[in-house]
Amino acid sequence: MNENKTNINWFPGHMAKTKREIKEKLDLIDIVYEVIDSRMPISSRIIDLDNLIKNKKRILIFTKYDLCDKEKTDKIIKEYEKNYQVLKVNLKVLSNQEKNDLITKTNILLKDINDLRIKKGLKPRIFRAIVIGAPNVGKSTLINHISGKNGLKTGNRAGVTKGISWVKVGNTIELLDTPGLLYPKIESKEIGLNLASFGSINEDILDKEEIASYIVTYLYNNYKKILLERYKLNNIETFNLENILTKIAESTNSYKKGNIIDLEKVYTIIINDLKEGRINKITFD
Ligand SMILES: Nc1nc2c(ncn2[C@@H]2O[C@H](COP(=O)(O)OP(=O)(O)OP(=O)(O)O)[C@@H](O)[C@H]2O)c(=O)[nH]1
Ligand SMILES: [Mg+2]
């Protein structure tokens with residue numbers, strides 16, 4: 001493995017700008033919907049978010065719950081539930097029930113705001129929310145779902161911040177129609193590899209061989225049956241990466257001219273199978 005690549009302090013140039021923009025938006029916001037990939041419930045969290053949003057109210061939304069190892073992910077989520085409101089969702093088939101849960105949880109968490117207003121003789125006001133999360137965790141899909149496909153734009157709010165537009169969620173919530181994109185801190189090689197495995201960091205941060213090798217090794221050690229079934233492999237008694245990759249090449253017919261194994265193709269197949277959920281019921285944290 002290439003130590004240099006994984007140990008770099010990966011911080012894209014535009015991140016400072018993004019953080020500044022999110023900070024500006026946060027001034028307008030009552031609640032943050034923090035989106036986390038259920039298949040990496042630790043690695044895909046934005047650790048810095050605590051600093052950025054301070055004690056703003058927050059709901060953790062675990063997307064791609066349909067694709068994760070529920071037993072493993074639930075154990076981790078149980079810990080989060082000690083401190084946060086949590087929602088587990090499959091955004092492919094997000095139901096009204098889940099959407100209503102989000103609205104209800106939001107209204108409960110923010111009840112104080114309107115209680116106070118009413119006490120002061122003011123009218124209750126609408127709550128404002130933002131979706132924040134790492135790349136590829138499902139932020140846009142979530143916004144589309146909860147705002148409804150043709151979600152009514154409530155328009156730019158003159159006098160607040162120009163260029164920010166909101167969509168309605170139910171009767172009590174307005175949601176920023178653009179999510180806050182932040183990058184998780186890559187504090188260890190493992191976190192970097194998990195993020196790369198599920199498409200949350202670019203392949204140019206880690207190379208394909210490294211990612212695919214990690215995936216195969218992880219699956220062999222933790223989800224052997226899933227690995228064998230996906231690539232129609234007979235049982236493998238002892239772990240040998242090269243041997244497994246060769247067998248996957250056979251079963252996926254990955255050859256170059258002259259019947260030479262096309263490892264690049266094998267790597268791509270493995271990475272895409274994971275990223276696109278054809279290999280599922282797995283959690284890498
Ligand atoms: N199976 C499944 N797929 C999901 C779920 N949520 C999102 N996806 C898929 O994950 C992919 C990424 O979703 P996006 O909504 O584009 O993610 P994003 O966070 O907006 O990504 P960026 O804008 O690139 O940072 C899409 O192919 C979605 O269809 C889910 O709960 N289950
Ligand atoms: Mg998006």
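**Exercise 1.** Which helix gives the largest share of the lining of the largest pocket?

*Solution.* This is a predicted model, where local features need pLDDT of at least 70, side-chain atom pairs count only at pLDDT 80 or more, and totals for chains, interfaces and linings use all residues. Residues are numbered from 1 along each chain as its sequence is written, ligands are numbered from 1 in the order in which they are written, and side-chain values use heavy atoms, without hydrogens and water.

Step 1: define the pocket. On a 1 Å grid over the protein atoms alone, a pocket is an open set of points where a 1.4 Å probe fits, with protein on both sides within 12 Å along at least five of seven lines; lining residues have an atom within 4 Å of a point.

Step 2: list the lining. It holds 16 residues, with Lys 64, Lys 92, Asn 136, Gly 138 and Thr 141 closest to the pocket centre.

Step 3: assign the share. Helix 7 (helices are DSSP runs of H or I, at least four residues, numbered from the N terminus) supplies three lining residues, the largest share.

**Exercise 2.** Describe the shell around ligand 1.

*Solution.* Step 1: place the ligand. Ligand 1 sits in the largest pocket (more than half of its atoms lie within 2 Å of the grid points).

Step 2: count. The shell has 17 residues, each with a heavy atom within 4 Å. Among the closest are Asp 66 and Lys 139.

Step 3: find the main contributor. Helix 7, residues 139-147, gives the most, with three residues.

**Exercise 3.** Which backbone atoms lie by oxygen atoms of ligand 1?

*Solution.* Use polar contacts (N or O pairs within 3.5 Å). A backbone N or O of Leu 91 lies 2.6 Å from a ligand oxygen. For Lys 64, the backbone distance is 2.8 Å.

Definitions and conventions
Polar contact = N/O pair within 3.5 Å; in protein donor to acceptor, adjacent residues only side chain to side chain. Helix = DSSP H or I, 4+ residues; strand = E, 2+ residues; numbered from the N terminus.
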